[in-house]
Each structure stands twice: as structure tokens, then as C-alpha cells.
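This report describes selected helix packings, side-chain environments and backbone torsions of one protein model. The sequence and coordinates are shown first, and the discussion follows.

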Amino acid sequence: MPVVSQTTEAPPRRRGVPYIGSTLQYVRDPLTMMRTQYEGWGPVSDIDFIGKRWTVLLGPDACEAALRNADKAFASGDGWGYLVGPFFDRGLMLLDFDEHHRHRRIMQSAFTRDRLEGYTAALQPAVATGIAQWQPDPEFLAYPALKELTLDLAATVFMGGADLATADELDRVNQAFIDCVQSATALVRANIPGTRWGRAIRGRRLLEEFFGRHLAVKREMPGDDLFSVLCQLETEDGERFSDEDIVNHMIFLLMAAHDTSTITVSTVMQQLGQHPEWQQRCREEALALPENPTLADLDQLVAIDMVMKESLRIVPPVPVLARKTVKETEVLGHRIPADRLVAVMVHMSHHMPELWDDPERFDPERFADDRRDDKVHRYAWEPFGGGVHKCIGLFFAGAEVKTILVHLLRQFEWTVDPGYRVPMSYASLPYPKDGQPVRLVRR
């Protein structure tokens with residue numbers, strides 16, 4: 001591991017093409033870019049990225065400093081605000097300090113154990129029906145099929161059913177989310193037609209109109225879906241979300257729910273398709289469950305849980321977390337000034353040989369209770385972030401991913417070319433850009 005100065009000094013700076021800097025290297029191959037940065041400049045360094053100067057944090061110690069945020073120097077909203085702020089404005093991830101605490105306290109009531117049990121029950125028939133519509137194909141494109149499935153699930157669990165929107169409208173909603181997410185790597189950050197930024201602005205307008213149009217009905221005739229829950233939540237002190245709050249939180253939560261789950265399940269499908277012994281081990285677990293497993297049933301899964309965690313290690317759905325300093329601070333002996341954008345590059349920690357035995361090998365057993373390689377460092381494995389901004393929906397995400405895998409394993413078998421590697425480029429979304437072909441056979 002690189003030697004860190006014991007005196008406070010400015011981070012070393014990696015020079016590159018002005019304005020663009022390391023942007024293109026990250027877009028082409030983010031993990032390689034992170035490794036090159038770490039090996040050449042250490043765990044704390046500066047780069048030019050998407051038109052701004054950023055301080056990059058690499059490795060578990062540097063990432064922990066920002067995520068724990070002991071001196072409250074790192075703001076999440078100001079960091080993400082530069083990348084996607086206009087499009088996911090006022091979502092929970094983009095709030096900070098007292099305001100974030102207040103909103104999270106209200107929203108936590110939407111993710112209690114009782115609520116999660118209800119969401120899990122609603123997932124079962126929707127997942128089974130959705131996967132049953134898949135057609136066997138020697139070149140089945142897994143990613144777009146999963147993307148459509150998870151959006152349908154979000155419509156069911158988060159919005160109260162497919163009757164809330166037509167299939168065409170859901171397609172437009174999905175495209176709007178894609179456009180908003182793509183804005184993060186836009187080099188031209190202005191409302192110009194045909195650019196990523198311009199498409200994202202129009203996508204945000206569509207999402208605001210979509211949720212705003214349905215909000216009054218959800219307040220008057222609430223159901224058990226998340227949209228209804230957010231409309232009805234109230235703390236003991238009488239705090240509630242405003243209509244604007246609900247729209248902002250729904251846009252962010254729906255994006256997070258279906259986008260990250262899609263990436264995770266697609267990674268699992270690749271790995272199980274290339275490791276048939278693990279696919280069969282997981283299938284035996286799935287077949288042993290009731291037809292509609294409960295949250296408690298899913299909690300008892302062992303092999304599927306290890307596979308999911310290993311897949312999150314290999315490909316964390318959010319490889320970099322954005323922050324901005326609100327005051328001067330220090331990380332590992334390096335001074336970071338106020339108003340500095342900071343990239344917390346958690347992805348590389350998942351692939352460091354100092355932390356993981358043979359990190360490029362698919363090895364779910366590393367998460368077995370008698371081994372737990374992730375315990376080498378508390379921030380060695382951080383797919384859900386850490387600190388006060390740790391993903392509020394992580395338990396729902398686990399239940400959704402496991403539910404999809406259980407029904408998928410029951411209905412299908414699949415194989416993936418052993419030499420296949422998912423293109424790791426973020427140049428285009430949805431990800432991966434080749435659609436992730438698998439050989440799908442109905443059981």
C-alpha cells in the first residue's frame with residue numbers, strides 16, 4: 001500500500017487534458033482508471049474530471065474518512081448536485097446534516113420490518129408473472145429484460161400497480177430515468193437539444209409531471225405502496241412531507257430501486273451462468289422455499305445471499321460517491337480545502353489484493369460466516385455506502401434481488417460464455433451496452 005505522508009500537505013495532482021482530465025479514462029474503464037490513480041498518486045490525490053478539479057479518495061481508509069464524516073466537512077448534496085443535482089434535486093441522497101436527518105427520520109417509517117414484509121409479499125406474484133413471460137433464446141439479452149422487470153416491480157410496489165400508468169407511459173418514465181442518470185458524465189452541461197444535459201432536463205420535467213399528476217389520488221385513497229406511504233407518513237411531532245418533498249423523494253427512490261437492482265441481478269446472472277455449480281446450489285435453495293416466500297424465508301437463504309454479496313463486490317451498482325467539502329479538512333495527512341468536489345471511489349476497495357484473496361475470482365464463500373473476508377476492514381465492502389447516508393433501502397433491495405433470483409432459478413436455466421466479460425464502459429446507458437447475452441432455457 002502506498003506510503004502516506006505524516007504531515008498535512010496538498011494532495012498530489014494528476015495532470016491531464018484541461019477540462020476533460022481523467023473523464024474519458026473513467027468512462028472507458030473506471031476500475032483501471034482507479035487503479036492507475038492509486039498506484040501513481042496514492043489514496044488521496046487530485047484530478048480534473050468533467051470540467052472541475054476533484055480530490056479522489058481511494059482505498060478503505062480514505063473512503064472511510066469521507067463516509068464517516070466525523071468533522072462534518074463532506075456534504076453529499078453539493079457533491080451529487082454538480083453531477084445530477086438538477087435531475088434528482090432534493091432526493092434523500094442530496095440532503096445533508098439536520099435537514100437530511102429530519103427527512104430520513106420521516107422516511108425510515110416507510111422501511112420498517114412490517115412495511116418490508118408487505119412489499120415482499122407484493123413482489124412475489126409480480127416477479128413470477130414477469131419472468132414467466134421471458135422466452136427461451138440462445139442469445140437472450142438479460143439486461144433489458146431485467147430493466148423492464150424491475151421497472152414493472154417498482155410500478156407495483158412503489159406506485160401501487162400497473163394501472164397507475166400504461167406500458168407506453170412506463171417506457172417514457174424509464175427513458176426519463178436513463179436520461180437523468182446519463183447526465184452525470186455530460187461534458188456539455190447546458191440545456192442544449194440533443195445533449196445529455198438537455199435530455200435530462202426534459203426527463204426531469206416528465207417525471208415531475210408524472211408523479212405530481214398522481215399525488216392527489218394517493219393522498220385521498222392511499223394503498224400499501226411506497227407512494228401512498230410517503231403521502232401518509234407523520235412523526236410523533238407531526239412532521240410530514242410536502243407535496244414537493246414526495247415528488248422529489250419518489251423520483252430519487254424509484255431510480256435507485258430499479259436501476260441498482262437491475263445491475264445487481266444482471267451481475268448475478270453472468271456469474272451463475274459462468275459457474276453452473278453455484279447456479280445449481282442456488283436453485284436447490286430456491287426450490288426448497290414456499291411458492292411465495294416471505295421476508296423471513298428470504299432471510300434464511302445462504303448460497304443466494306453469498307452470491308448476491310459477491311456480485312455486489314465485483315460490480316457495485318454505484319462505483320463512486322460524490323461529496324463536496326463545506327470546510328477545510330484532512331484525510332490521511334493531506335489537506336483538502338473547502339468547496340472542493342470529492343470522488344469517493346468505493347469500487348477499487350472491492351478489488352484490492354490487500355483486502356481480498358484473489359479479488360478477480362468469483363468466490364461467494366468469502367462471505368461465509370466462518371470466513372468473512374469483508375471483515376478485514378469495515379470499509380472493504382461498501383456497495384451501499386456508509387455513515388449517515390448509507391442506503392436507506394438496502395434491505396428492500398436485498399429482498400427484491402433475492403425474490404427475482406428465486407423465481408428465475410425455478411423457471412429457467414442459463415449459461416454464459418466463460419470468456420464473456422461485461423463491458424465496463426459508462427459511455428452509454430443502460431448498462432451493459434451489449435445487453436448481456438445469455439443462453440436461456442426453460443426448465
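A polar contact of 3.1 Å links the side chain of Lys-402 to the side chain of Asp-305; such a contact is a pair of N or O atoms within 3.5 Å, in which, within protein, one atom must be able to donate a hydrogen and the other to accept it, residues adjacent in sequence counting only if both atoms are side-chain atoms. The model is predicted, so local features need pLDDT of at least 70 and side-chain atom pairs count only at pLDDT 80 or more, while totals for chains, interfaces and linings use all residues. Residues are numbered from 1 along each chain as its sequence is written, and side-chain values use heavy atoms, with hydrogens and water left out.

**Buried sites in helices**

Lys-402 belongs to helix H16 (residues 394–411); helices (H or I, at least four residues) and strands (E, at least two) are DSSP runs numbered from the N terminus. With a relative accessibility of 8%, Lys-402 counts as buried, where buried means under 20% relative accessible area, exposed over 50% and partly exposed in between (1.4 Å probe, protein chains only). Apart from neighbours within four places in sequence, Lys-402 is in contact (heavy atoms within 4.5 Å) with Leu-298, Leu-301, Ile-304, Asp-305 and Met-308.

Val-268, in helix H11 (residues 243–274), is buried at 0% relative accessibility. Neighbours within four places in sequence aside, its contacts are Val-307, Met-308, Ser-311 and Leu-405. The C-alpha atoms of Val-268 and Leu-405 are 8.5 Å apart, although 137 residues separate the two along the chain.

Arg-313 is located in helix H14 (residues 303–314) and is likewise buried, at 0% relative accessibility. Its side chain makes a polar contact of 2.8 Å with the side chain of Glu-310. A polar atom of the Arg-313 side chain also lies 2.7 Å from the backbone oxygen of Pro-359. When residues up to four places away in sequence are not counted, Arg-313 touches His-350, His-351, Trp-356, Pro-359, Arg-361, Arg-366, Phe-367 and Trp-381.

**Helix packing**

Two packed helices are described by the angle between their axes and the distance between the axes. Axes here are lines fitted to C-alpha atoms, for helices over the stretch in contact, and angles run from 0 to 180 degrees between N-to-C directions.

Helix H12 (residues 276–287) and H14 cross at roughly 130 degrees, and their axes come within 8 Å. H12 and H14 are therefore oblique to each other; angles under 35 degrees count as roughly parallel, over 145 as roughly antiparallel, 65 to 115 as roughly perpendicular and the rest as oblique. Trp-278, Arg-281, Cys-282 and Glu-285 of H12 meet Ala-303, Ile-304, Met-306 and Val-307 of H14. This contact comprises 6 nonpolar, no polar and 2 charged residues; Ala, Val, Leu, Ile, Met, Phe, Trp, Tyr, Cys and Pro count as nonpolar, Asp, Glu, Lys and Arg as charged, and the others, Gly among them, as polar.

Helix H7 (residues 142–157) and helix H8 (residues 167–182) pack at about 110 degrees, with axes 11 Å apart, and are therefore roughly perpendicular. H7 contributes Lys-147, Leu-151, Asp-152 and Ala-155 to the contact, and H8 contributes Leu-170, Asn-174 and Ile-178. By class, these residues are 4 nonpolar, 1 polar and 2 charged.

**Cysteines**

The structure holds 0 disulfides, a disulfide being a pair of cysteine sulfur atoms within 2.5 Å. Cys-231 is buried, with a relative accessible area of 1%, and Cys-282 is buried, also with 1%.

**Loop residues**

Arg-371 is situated in the loop between helix H15 (346–349) and H16 and is partly exposed, at 33% relative accessibility. Its side chain forms a polar contact of 2.8 Å with that of Asp-363. Other than neighbours within four places in sequence, Arg-371 contacts Asp-357, Asp-363, Glu-365 and Arg-366.

Most residues other than glycine have a negative phi, and most peptide bonds are trans. The table lists two loop residues with a positive phi.

| Residue | Phi | Loop | Relative accessibility |
|---|---|---|---|
| Asn-69 | near 55 degrees | between H3 and strand S3 (74–75) | 13%, buried |
| Leu-332 | near 50 degrees | between strand S6 (329–331) and strand S7 (334–336) | 32%, partly exposed |

Asn-69 comes just after helix H3, whose residues 60–68 include the buried Pro-60, Ala-62, Cys-63, Glu-64, Ala-66 and Leu-67.
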